[in-house]
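Here is a quick tour for anyone meeting this structure for the first time. Have a look at the chain, then read on for the main features.

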Amino acid sequence: QTIDVPRGTLTNVIEFEEGGFLRVGSTISPDAERGERFSFSFDSCAVRWRSLELPLPPVGRGWGELLYLDDELRVQRDVRGDLLVATRVG
């Protein structure tokens, strides 16, 4: 996952063997009234398997709440109530 708040982009990529992937692009924006909350909306989606790459319809939008953030760890809850714990890679 790559988040670029100044540019308003959020990209999720799941990599498969042999160079395949599922990539979902989104817009992201902080909530001006609730600083810990952000909104997102999917705007692109593609899947690659072997040499075939197909665009898919981007469907979905929602919000998340940032519960904890430091240089290595992010904890957030989303619109469905799911809890995400993510660590920095690289």
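## A word on exposure

Before we start, one cut-off is handy: a residue is called buried when its relative accessible area is under 20%, exposed when it is over 50%, and partly exposed in between. Take D4 as a trial run: its relative accessible area is 22%, so D4 is partly exposed. Keep in mind that what you are looking at is a predicted model.

## The overall picture

What does the chain look like when you read along the sequence? The pattern is β-β-β-β-β-β-β-β, with eight strands and zero helices. Along its principal axes, the C-alpha trace spans about 45 × 25 × 25 Å.

The chain has 90 residues, and 23% of them are buried. Its accessible surface comes to about 6,800 Å², with carbon and sulfur atoms accounting for 54% of that. If you take the contacts between residues at least 6 apart in sequence, 22% of them join residues at least 24 apart.

## Charges and salt bridges

On the charge side, there are 11 positive and 15 negative side chains, and the centres of these two sets lie 4 Å apart. How many salt bridges does a search of the whole structure find? The answer is eight.

Let's go back to D4, which has R7 as a salt-bridge partner, at 3.6 Å from N to O. The two ends of this pair sit in unlike surroundings: D4 is partly exposed at 22% relative accessible area, while R7 is exposed at 70%. Another pair is R23 with E53, at 3.5 Å from N to O. R23 belongs to strand β3 (residues 21-30) and E53 to strand β5 (residues 52-55), so this salt bridge ties together parts that are 30 residues apart in sequence. R23 is partly exposed, at 34% relative accessibility, and E53 is also partly exposed, at 37%.

Then there is D82 with R80, where the closest N and O atoms are 2.8 Å apart. D82 is partly exposed, with a relative accessible area of 37%, whereas R80 is exposed, at 65%. Some salt bridges also share partners, and in that way R34, E36, R37 and E65 are joined into one network.

## A closer look at R37

One member of that network deserves a paragraph of its own. R37 is in strand β4. Is R37 buried or exposed? Its relative accessible area is 17%, and the cut-off for buried is under 20%, so R37 counts as buried.

Which residues does R37 touch, leaving aside those up to four places away in sequence? They are P30, D31, W63, G64 and E65. E65 turns up twice in this story, since E65 is in the salt-bridge network with R37 as well.

## Two loop residues with positive phi

Now for a backbone detail. E18 is not a glycine, yet E18 has a positive phi of about 60°. You can find E18 in the loop between β2 (9-15) and β3, where E18 is exposed, with a relative accessible area of 64%.

R50 has a similar tale to tell. R50 is not a glycine either, and its phi is positive too, at about 55°. The loop between β4 (37-49) and β5 is where R50 is found. With a relative accessible area of 52%, R50 is exposed.

## A nonpolar patch on the surface

Finally, the surface has a nonpolar spot to look for. Which residues form the nonpolar patch? They are L67, Y68, L83 and V85, and together they have about 390 Å² of accessible area. The elements that give two or more residues to this patch are β6 (61-69) and β8 (83-87).

V85 makes a good example from the patch. V85 lies in strand β8, and its relative accessible area is 54%. Exposed means over 50%, so V85 counts as exposed.

Technical notes
Residues are numbered from 1 along each chain as its sequence is written. This is a predicted model: local features need pLDDT of at least 70, side-chain atom pairs count only at pLDDT 80 or more; totals for chains, interfaces and linings use all residues. Side-chain values use heavy atoms; hydrogens and water are left out. Patches are made of residues with over 30% relative accessible area and no salt bridge: like charges are joined within 9 Å, nonpolar side chains (Val, Leu, Ile, Met, Phe, Trp, Tyr) within 5 Å. Accessible areas come from the Shrake-Rupley method with a 1.4 Å probe; for residues, only the protein chains shown count as cover. A salt bridge is a side-chain nitrogen of Lys or Arg within 4 Å of a carboxyl oxygen of Asp or Glu. Helices (H or I, at least four residues) and strands (E, at least two) are DSSP runs, numbered from the N terminus. Buried means under 20% relative accessible area, exposed over 50%, partly exposed in between (1.4 Å probe, protein chains only). Contact means heavy atoms within 4.5 Å. Lys and Arg count as positive and Asp and Glu as negative; His and the chain ends are not counted. The place of a charge is taken as NZ of Lys, CZ of Arg, CG of Asp or CD of Glu.
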